[in-house]
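Reader: I should like to understand how the terms applied to this model are justified. Please set each value against its criterion.

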Amino acid sequence: GTRVMGMAGIFAANKSYDVAVKAYEYVIALGPKNYLYSNARMELLNVMYKKVVEKGAFTQADLLSLQKNYQIALNELGKQENTVPLIKNYAHLEAFYLHNMDTAISLLQEAVAFSRQNAAIAADCKLELGDILLLSGDIWEASLTYSQVEKAFKFEPIGQEAKFRNAKIAFYIGDFKWSQVQLDVLKGSTSKLISNDAMYLSLVITDNLALDSNPEPLMKFAHADLMYFQNRFDSAVIDLDSIDKNWPGHALEDDVLYKRYQIAMRQQKWTE
């Protein structure tokens, strides 16, 4: 199955997920004694997960089927350091798609506990845990979790990512000055993606506070952004509508339109 595994990786990298699934299933069918079996099981779930998360074309039945496959795989392979990527994706599925917050938090806390010997893996799990805590509305616990990663990896990309997520929390709650101080530091990040994200958010704050002494429109927009992160799209739209209604022609107008586009994309409302 070695050649088929190699081909499956190429299919997956090129987003031909259905073909990749068939390839991994072929290797799995060779039996548990095959040395590629465990890896094929994990990669198959990874591909099925990407098919749901990236393509957005899924039904509730697809989600429940994926959930069941994760449970079977983890029961068979066990919860250990080399199955952490599996656990992390499973936790994301439970939280962001099936809305089982307690299950997701418990999974990641377990993963952090048995990954203590590998600080980088534990930190990666903590970032996901912070996201899920933020999703559940536990903002301060999320910030504390991000801060732990930032402190442990101060000069590395994962630490800078944690710093950016903390700056976003400050943005969400309307602490714009503190957020901007953090973002200004991150503009010089060695990671281009983090640097670009920090620059964009910093400009949103600068453009909309410098021209207007009234912070309320930006606070509404920040709250809409938080609602978007938490998949509470109706609440986000209400915030965006209030900006258009109460402050017509405001400098945030283009940001409001872009946020509406992002919401429509997440809801698969292509025409809108």
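Reader: Why does Asp18 count as partly exposed?

Author: The model is a predicted one. Asp18 has a relative accessibility of 48%. Partly exposed covers the range between under 20%, which is buried, and over 50%, which is exposed; therefore Asp18 counts as partly exposed.

Reader: What makes the meeting of the Asp18 and Lys51 side chains a salt bridge?

Author: The criterion is a side-chain nitrogen of Lys or Arg within 4 Å of a carboxyl oxygen of Asp or Glu. For Asp18 and Lys51 the N to O distance is 2.6 Å, so the pair satisfies the criterion. Asp18 lies in helix H2 (residues 17-28) and Lys51 in helix H3 (residues 37-55), so the salt bridge ties together parts that are 33 residues apart in sequence. Lys51 is partly exposed, at a relative accessible area of 33%. By this rule the count comes to 13 salt bridges.

Reader: How do you know that Lys168 forms a salt bridge with Asp225?

Author: The closest N and O atoms of Lys168 and Asp225 are 3.3 Å apart; the limit is within 4 Å, so the pair qualifies. Lys168 lies in helix H9 and Asp225 in helix H12 (residues 216-229), so this pair ties together parts that are 57 residues apart in sequence.

Reader: Why is Asp225 called buried?

Author: Its relative accessibility is 5%. Buried means under 20%, so Asp225 counts as buried.

Reader: Which residues are joined into one network by salt bridges that share partners?

Author: Asp131, Glu161 and Arg165 are joined in this way.

Reader: Is Ser115 buried or exposed, and how do you know?

Author: Ser115 has a relative accessible area of 0%. The cut-off for buried is under 20%, so Ser115 is buried. Ser115 is found in the loop between helix H6 (101-114) and helix H7 (119-135).

Reader: What does the side chain of Ser115 reach?

Author: The side chain of Ser115 reaches the backbone oxygen of Ala111 at 2.7 Å. Not counting residues up to four places away in sequence, Ser115 touches Glu81, Val84, Ile121 and Ala122.

Reader: What makes Tyr200 eligible for the nonpolar patch on the surface?

Author: Patch residues need over 30% relative accessible area and no salt bridge. Tyr200, in helix H11 (residues 192-210), has a relative accessible area of 41%, so the value passes the area cut-off. Tyr200 forms the patch together with Tyr258, Tyr261, Met265 and Trp270, with about 580 Å² of accessible area together. Helix H14 (residues 253-266) supplies the largest share, three residues.

Terms used:
Residues numbered from 1 in each chain as written. Predicted model: local features only at pLDDT ≥ 70, side-chain atom pairs only at ≥ 80, totals over all residues. Heavy atoms only, no water. Helix = DSSP H or I, 4+ residues; strand = E, 2+ residues; numbered from the N terminus. Buried < 20%, exposed > 50% of the residue type's maximum accessible area, 1.4 Å probe, protein only. Polar contact = N/O pair within 3.5 Å; in protein donor to acceptor, adjacent residues only side chain to side chain. Contact = heavy atoms within 4.5 Å. Patch = residues over 30% accessible without salt bridge, like charges linked within 9 Å, V, L, I, M, F, W, Y side chains within 5 Å. Areas by Shrake-Rupley, 256 points an atom, 1.4 Å probe, with all protein chains shown as cover.
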